[in-house]
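Hi,

Here is the structure I promised to pass on. Have a look at it first, and then read on for what turned up.

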Amino acid sequence: MLQVSPRRKVYDVCIIGSGAGGGTAAKVLTEGGLSAVMLEAGPRLNPVKDFKEHVWPFQLPHRGVGEGGRLRGFLSEFMAPNGYWEVPGEPYTTAPGSSFAWFRSRIEGGRTNHWGRIALRFGPADFKPHSTDGVGDDWPITYEELAPYYDKVESYIGVFGSKENVPNAPDGVFLPPPKPRCTETLVKKACDRLNITCIPSRLAILTKSLNDRGACHYCGQCGRGCMSASNFSSSQVMIPPAASTGRFTMITGAMAREIVLGSDGKAEAVSYIDKATNSEQRVYARAVIVAASSCESARLLLNSRSSTFSAGLANSSGVVGRYLTDSVGSRLVGQFPQLEKVPPHNHDGVGGMHMYMPWWLFGKKNDFLRGYHIEMGGGRDMPGVGQFTRVCEEHEGYGVRLKQACRRDYGTHIGFSGRGEMIPNEDSFCEIDPSVKDQWGIPVLRFHWKWGENDLKMSDHMQATFRSIIETAGGTVVNFQPRTPPAASSGATAEQGRQQPQSGGRISTGGEIIHELGTVRMGDNPKKSAVNRWCQAHDVKNVFVADAAPFVSNPDKNPTLTIMALSWRTSEYLLDQVKKGGI
Ligand SMILES: Cc1cc2nc3c(=O)[nH]c(=O)nc-3n(C[C@H](O)[C@H](O)[C@H](O)COP(=O)(O)OP(=O)(O)OC[C@H]3O[C@@H](n4cnc5c(N)ncnc54)[C@H](O)[C@@H]3O)c2cc1C
Ligand code: SF4
């Protein structure tokens, strides 16, 4: 008997990944009238159940770190869930002689549930590195072209900061910044003496209510999530407006494995693993937005091979996976005896720094190219699990004397972290590992990594600067590598900083700063780039990339605000193309 198959549903767009890039695209495209299906490898997020920012260690068995303390840091029951340095069943490999750390999240909202919320605009010179100093490549777009989208993102998500006119660190649409705390005032005074610019930080946290989200109540626990959605996560800020249009469908537990081409040479579907049943499924769409995070997006394109594109989709230039960079990272911790005597006081604030140091030597002659900014952390925020492990190691005994030592030590350290621009090099890239596959049989990435001479010189400069700030502020450099460094890395809270791979030396491990990007670079020349100035694949016009993979360089500003601004711009372009019948 003739079988009549039901007509398959074709969405206007399929978005892969629900993080910063995917969430922004979902909001803009659905509000613009398109129907969208989102494939997200992780589960839905339930803030009330999953976020534990107000739970105390003593309220959980083993104080939340599992038997024997196995679950410290990101894995502890206190942190925002499903963020890992090692994802179970989803390995990656590194080439001989290379080290690379890859932090991934598998949950609605991706790493925007975990990030430090540092939200800095790139500056005009950041888009034109080659024109500025003759090294690397210029972006095909200018700061002026992206500025209106920075305005839209900041106005919608809420970023606090202050107007400062710092060269190449543009001001934005800011909410008022919180006041500096005791430790930040101490550092600011030292910076003033050293002529290092130290200004209110710029974080995506609400100091005033905005768009039905309540203002921050200064519990200082952002890395553990925020039930009141006072800080930015895609899951709480971008996905809800998309869902409320009625044109949005999210399929969770859906690991995209390949973009499938139709007979017209355009993408027509995405095949994915339904993790609940381990079966392969397909969704059909007129356009595909890849936003699985830079390296996952490169992996997906490289794994989407066909007779037309044997080296992977959108890869006729051969650049997919190339130009991988992370921020140059280095850190140093100081101990400040004067803080031992500070009477108990209210140290409340947001879960991140209230002050930071933008690159203060822009335009000056230095012995390395480009620059870095400095993040800081420390003081008397809520003690986390394991905070006093080192004190306990240093002071024999127990009881009153040990408690006194802990009290004396508590809040007296300040950590400094540099985040600098790495210049892309030929030895740093990712590719498909020829033999290793993940639990569903999808080939995994193999990373190659090498810091360049410029990166190493920059990290030496960071170390010298941190030391001079610490000593000018009356502290001493802490020479041990504390197991519980108070310095936050990449804006992560001190608690998060603990669980990062510890390079402990001159420069971070590649990937450690969690600003890995550049693997599907944009450009006007299809022979040298994978996507055009709209982040649209040169080879397949209905495929777009909306995360940090298209970035041409990795300036000293953390990337996520720029991911959202670019994704917003790409989405508006797609809406316009659909209207004109171009897609
Ligand atoms: C602790 C920490 C601190 C950070 N601090 C800062 C900071 O202060 N400022 C800053 O700018 N940046 C910071 N970052 C980086 C920031 O989180 C990322 O730049 C940003 O989240 C990247 O957004 P994305 O959309 O590219 O990817 P992600 O946010 O990683 O989201 C990708 C999503 O895609 C899903 N996915 C992956 N592969 C597939 C697949 N094949 N199929 C379906 N779904 C898939 C994942 O499950 C995930 O949900 C920090 C990150 C961490 C972890
Ligand atoms: S510090 Fe503010 S934004 Fe962060 S978790 Fe607490 S209330 Fe939320």
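Let me start with ligand 2. There are 15 residues around it, and the ones that come nearest are Cys-216, Cys-219, Cys-222, Cys-226 and Asn-231. Sorted by class, this shell holds seven nonpolar, seven polar and one charged residues. Please keep in mind throughout that this is a predicted model.

Next, the nonpolar cores. The largest has 110 residues, and Cys-14, Ile-16, Ala-36, Ile-289 and Val-290 are the members that touch the most others. Helix H13 (residues 560-580) supplies the largest share of this core, seven residues. A second core of 33 residues is separate, and Tyr-356, Met-357, Ile-423 and Trp-451 are among its members.

Ile-16 is a handy residue to click on. Setting aside residues up to four places away in sequence, Ile-16 touches Gly-22, Leu-39, Ala-256, Val-270, Ile-289, Val-290, Ala-291, Ala-292 and Leu-300.

Several of those contacts lead to a set of paired strands. Strand E8 (residues 254-261) runs antiparallel to strand E9 (residues 267-274), and seven bridges join the two. One of the pairs here matches Ile-259 with Val-270 in E9. The hairpin of E8 and E9 has five residues between the strands, and Gly-265 takes a positive phi near 85 degrees there. E9 is also joined to strand E10 (residues 279-290), again antiparallel, by six bridges. Across that pairing, Ala-269 stands opposite Tyr-284 in E10. In the hairpin of E9 and E10, with four residues between the strands, Asn-278 has a positive phi near 55 degrees.

There is also an open sheet of three strands, in the order E4-E16-E15, with mixed pairing. Strand E4 (93-94) and E15 are at its edges; each has a single partner strand, so one side of each has no neighbour in the sheet. E15 and E16 run antiparallel and are joined by five bridges, and Glu-431 has Arg-446 in E16 as its bridge partner.

The loop between strand E15 (429-437) and strand E16 (443-448) contains Ile-442. Is this residue buried, exposed or partly exposed? Ile-442 counts as partly exposed because 17 other C-beta atoms lie within 10 Å, while 20 or more would make a residue buried and 12 or fewer exposed. Apart from neighbours within four places in sequence, Ile-442 is in contact with Arg-257, Asn-303 and Lys-437. Its C-alpha atom is separated by 9.1 Å from that of Glu-90, although the two residues are 352 apart along the chain.

Two helices are worth a look as well. Helix H4 (residues 143-157) has 15 residues and reaches 20 Å from its first C-alpha to its last, close to the 21 Å expected at 1.5 Å a residue. Its buried residues are Tyr-149, Tyr-150, Val-153, Glu-154, Tyr-156 and Ile-157. An α-helix has 3.6 residues a turn, so residues three or four places apart point the same way. The cover over the buried residues of H4 includes helix H6 (234-237) and H13. After H4 comes Gly-158, with a positive phi near 85 degrees.

As for H13, its 21 residues should span 30 Å at 1.5 Å a residue, and the end C-alpha atoms are 30 Å apart, so the two agree. Gly-581 follows H13 and has a positive phi near 80 degrees.

Happy browsing, and best wishes!

Technical notes
Residues numbered from 1 in each chain as written. Chains lettered and ligands numbered in written order. Predicted model: local features only at pLDDT ≥ 70, side-chain atom pairs only at ≥ 80, totals over all residues. Core = buried A, V, L, I, M, F, W, Y, C linked by C-beta atoms within 7 Å. Contact = placed C-beta atoms within 7 Å. Near = placed C-beta within 6 Å. Nonpolar A, V, L, I, M, F, W, Y, C, P; charged D, E, K, R; others polar. Expected span 1.5 Å × (residues − 1). Pairing = 2+ DSSP bridges.
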